[in-house]
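Here's a quick walk through a fold, from the sheet outwards to the charged pairs. Have the viewer open while you read.

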Amino acid sequence: MTRRLLLVDDDAAFCESLAGALRRRGFDVTAVLDAGAAARSLQVEPPRYALIDLRIGDASGLALVAQAAAIEPPVRIVVLTAYASIATAVEAVKLGATHYLAKPAEVDDIVAALDRDAAGDASVPL
């Protein structure tokens, strides 16, 4: 099965850097900078994995989490955010996120989260 991943983050430099690191680890990455492009990408070419920033400009990544979670076969979704809180972690998991990681996160930790099954061990340092 392909390791197609949708990366959604509004920080262009961060997105480009992370996309490169994920490609070197075997992912076929589609990187987008806004929620509209992400929503279209989810519909046109559903990924196996999604890495979604909680805040994408003025938009919430939680709507994208819900959209990605509705895809069959299931998408492994990791929410990555600089605005970590227990409330948003719980909401993200309820909507279908597999994991929730606070920025900054090491690429190896992100890959491990994408590959883990259970959402119960989401990393939310507060």
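What follows covers the sheet, three of the helices and then the salt bridges.

Keep in mind that this is a predicted model. Start with the sheet: it is open, with 5 parallel strands in the order β2-β1-β3-β6-β7. The edges are β2 (28-32) and β7 (99-102), each of which pairs on one side only. On average, neighbouring strands here are turned by 20 degrees against each other, ignoring direction. Helix α1 (residues 12-24) packs on this sheet and touches β1 (4-8), β2, β3 and β6. The direction of α1 makes about 175 degrees with that of β2.

Zoom in on β3 (residues 49-53) and β6 (residues 76-81), and you'll find 5 bridges joining them. One pair to click on is Leu-51 with its bridge partner in β6, Val-78.

Now for helix α3 (residues 61-69). Its buried residues are Gly-61, Leu-62, Leu-64, Val-65 and Ala-68. They sit on the same side of α3, because the arc they cover around the axis is only 155 degrees. That fits a general rule: an α-helix has 3.6 residues a turn, so residues three or four places apart point the same way. At the start of α3, a side-chain oxygen of Ser-60 comes within 3.1 Å of the backbone nitrogen of Leu-62.

Over in helix α4 (residues 86-95) you'll find Thr-88. Its side chain makes a polar contact with the side chain of Ser-85 at 2.9 Å. Leaving aside residues up to four places away in sequence, Thr-88 touches Leu-54, Tyr-83 and Tyr-100.

On to the charges: the structure holds 5 salt bridges, including these.

| Salt bridge | N to O distance |
|---|---|
| Asp-115 and Arg-3 | 3.5 Å |
| Lys-103 and Asp-9 | 2.8 Å |
| Asp-108 and Arg-25 | 3.0 Å |

Where do Asp-115 and Arg-3 lie? Asp-115 is in helix α5 (residues 107-115) and Arg-3 in the segment before β1, so this pair ties together parts 112 residues apart in sequence. Asp-115 is partly exposed at 37% relative accessibility, and Arg-3 is partly exposed at 24%.

Lys-103 is in the loop between β7 and α5 and Asp-9 in the loop between β1 and α1, so that pair ties together parts 94 residues apart. Asp-9 is buried, at 2% relative accessible area, while Lys-103 is partly exposed at 25%. Asp-9, Asp-53 and Lys-103 are linked in a network of salt bridges.

Finally, Asp-108 in helix α5 and Arg-25 in the loop between α1 and β2 are 83 residues apart. Asp-108 counts as exposed at 52%, and Arg-25 as partly exposed at 34%.

Note on methods:
Residues are numbered from 1 along each chain as its sequence is written. This is a predicted model: local features need pLDDT of at least 70, side-chain atom pairs count only at pLDDT 80 or more; totals for chains, interfaces and linings use all residues. Side-chain values use heavy atoms; hydrogens and water are left out. Two strands pair if DSSP finds at least two bridges between them. Helices (H or I, at least four residues) and strands (E, at least two) are DSSP runs, numbered from the N terminus. Axes are lines fitted to C-alpha atoms, for helices over the stretch in contact, and angles run from 0 to 180 degrees between N-to-C directions. Contact means heavy atoms within 4.5 Å. A polar contact is a pair of N or O atoms within 3.5 Å; within protein, one must be able to donate a hydrogen and the other to accept it, and residues adjacent in sequence count only if both atoms are side-chain atoms. Buried means under 20% relative accessible area, exposed over 50%, partly exposed in between (1.4 Å probe, protein chains only). The arc is that of the directions from the helix axis to the C-beta atoms. A salt bridge is a side-chain nitrogen of Lys or Arg within 4 Å of a carboxyl oxygen of Asp or Glu.
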